[in-house]
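Q: Please take a close look at the aromatic pairing in this model. Please also cover the nonpolar packing around it.

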Amino acid sequence: MSRIELKHIDKYYGDNHVLRDINLTIEDGDFMTLLGPSGCGKTTTLRVVSGLERPQNGTMTIDGVEMINAANAYYAEPSKRGLNLVFQSYALWPHMTVRENISFGLKIQKLPKAEIEKRLHEALRMMRIEEYIDRYPNELSGGQQQRVAIARAVASNPKLLLLDEPLSNLDARLRIDMRSELQRIHKELGTTVIYVTHDQVEALTMSTKIALFKAGELSQVATPMELYMNPIDLQAADFIGNPRINFLEGTAEMKGGALHVTSELGEHVFDKADMTDELIPDGAFPCVVAIRPEQVHISRQNGPGRIAVQVYANQPAGSETLVSLRAGKSDFLAKQIGLSEYAIDEDVFVEIPPEKINIYDAKSTRLIKRAR
């Protein structure tokens, strides 16, 4: 069991307030990714959990046992927290073989020799590096060294595994392979994982939950699907998704219990059941219509619910085609699977499922109508 609760965590470096009232619960068995741009506080949060940083305010418990109580100046040592940490740098002993690197921590724990051998070979099997057991780190590729670092971490059967941007030094192909391996070992071990990254693809593909950080604050905590479909504000929406989400200016007003939205894409009416709990301004107010590029369907034929637009540019990219479109004075992007050919300035029609549209209050930047 490994359930972590952070409550009212504040961390300062001098006058720099890097963590601001962080409240986060990580359930047992979660793969929780701390996501955000550089300098947003995600790595500092990981270091607070690990014991490498001491916050000035707040508390933290693991399985109900207090590990941090800043008010009482109590901070449990990292060795008392039942965790293991994998850094961006592999941190392998260069003078030790793979066998020795993985076994070193187990020997420090004074485990029986048979148990050490069992855990060693199980970790090697899980990371698929059995054939490298007698090699030294300088004889391994970057991807192989990262597998050894992760094998060393899981060999000790930690109840909590912390990973700080472990794939950032790998090339794109290796990152895809390692994402698969991390997913698999999380399922096999059932260990609670806290994973730090600025790469949204890593976060969306591996996590059970994502904590999105913004300037030292928690912006949103949600499942990958919920975060992708319903980012809580415009900044979150702009950060999540590749290619990025389309934003179009519009005007909204509540009439007869429904939200009426007008933009260059015409008028849409949204039922109150799709609204969030955000306070809706009285009368007409400026809004932002947000649409994922893959939700824009292009046709050369007109039909019910379709909108006339012009092709601004066509970008075939092998497995997909990105089409830049123009409606009135607004530009937006459509993503189509496969190769599609459209001429610049060609007149086409688009259809956008209303249930997939997000609406944001332009002034508060908060989500007011959810996608489903």
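A: The aromatic rings come first, then the cores. This is a predicted model: local features need pLDDT of at least 70, side-chain atom pairs count only at pLDDT 80 or more, and totals for chains, interfaces and linings use all residues. Residues are numbered from 1 along each chain as its sequence is written, and side-chain values use heavy atoms, with hydrogens and water left out.

The structure holds two aromatic pairs (Phe, Tyr or six-membered Trp rings with centres within 6.5 Å). One joins Phe31 and Tyr195. Their centres lie 5.7 Å apart, and the planes meet at 40 degrees. That makes the pair tilted (stacked is under 30 degrees, edge-to-face over 60, tilted the rest). Phe31 sits in strand β3 (residues 31-35) and Tyr195 in strand β9 (residues 192-197); strands are DSSP E runs of at least two residues. The two are 164 residues apart, so the pair links distant parts of the chain. Both rings' residues are buried (under 20% relative accessible area, 1.4 Å probe, protein chains only).

Tyr195 also touches other residues (heavy atoms within 4.5 Å), including Met32, Leu34, Leu163, Leu182 and Met206. This leaves out residues up to four places away in sequence.

Tyr195 belongs to the largest nonpolar core, of 34 residues (buried Ala, Val, Leu, Ile, Met, Phe, Trp, Tyr and Cys joined through side-chain atoms within 4.5 Å). Together with Ile102, Ile150 and Leu182, Tyr195 touches the most other members. Elements that each supply at least two residues include β9, β8 (160-164) and helix α4 (142-155); helices are DSSP H or I runs of at least four residues. The largest share, seven residues, comes from α4. A second, separate core of 29 residues includes Ile22, Tyr75, Val196 and Phe213.

How values were computed: Buried < 20%, exposed > 50% of the residue type's maximum accessible area, 1.4 Å probe, protein only.
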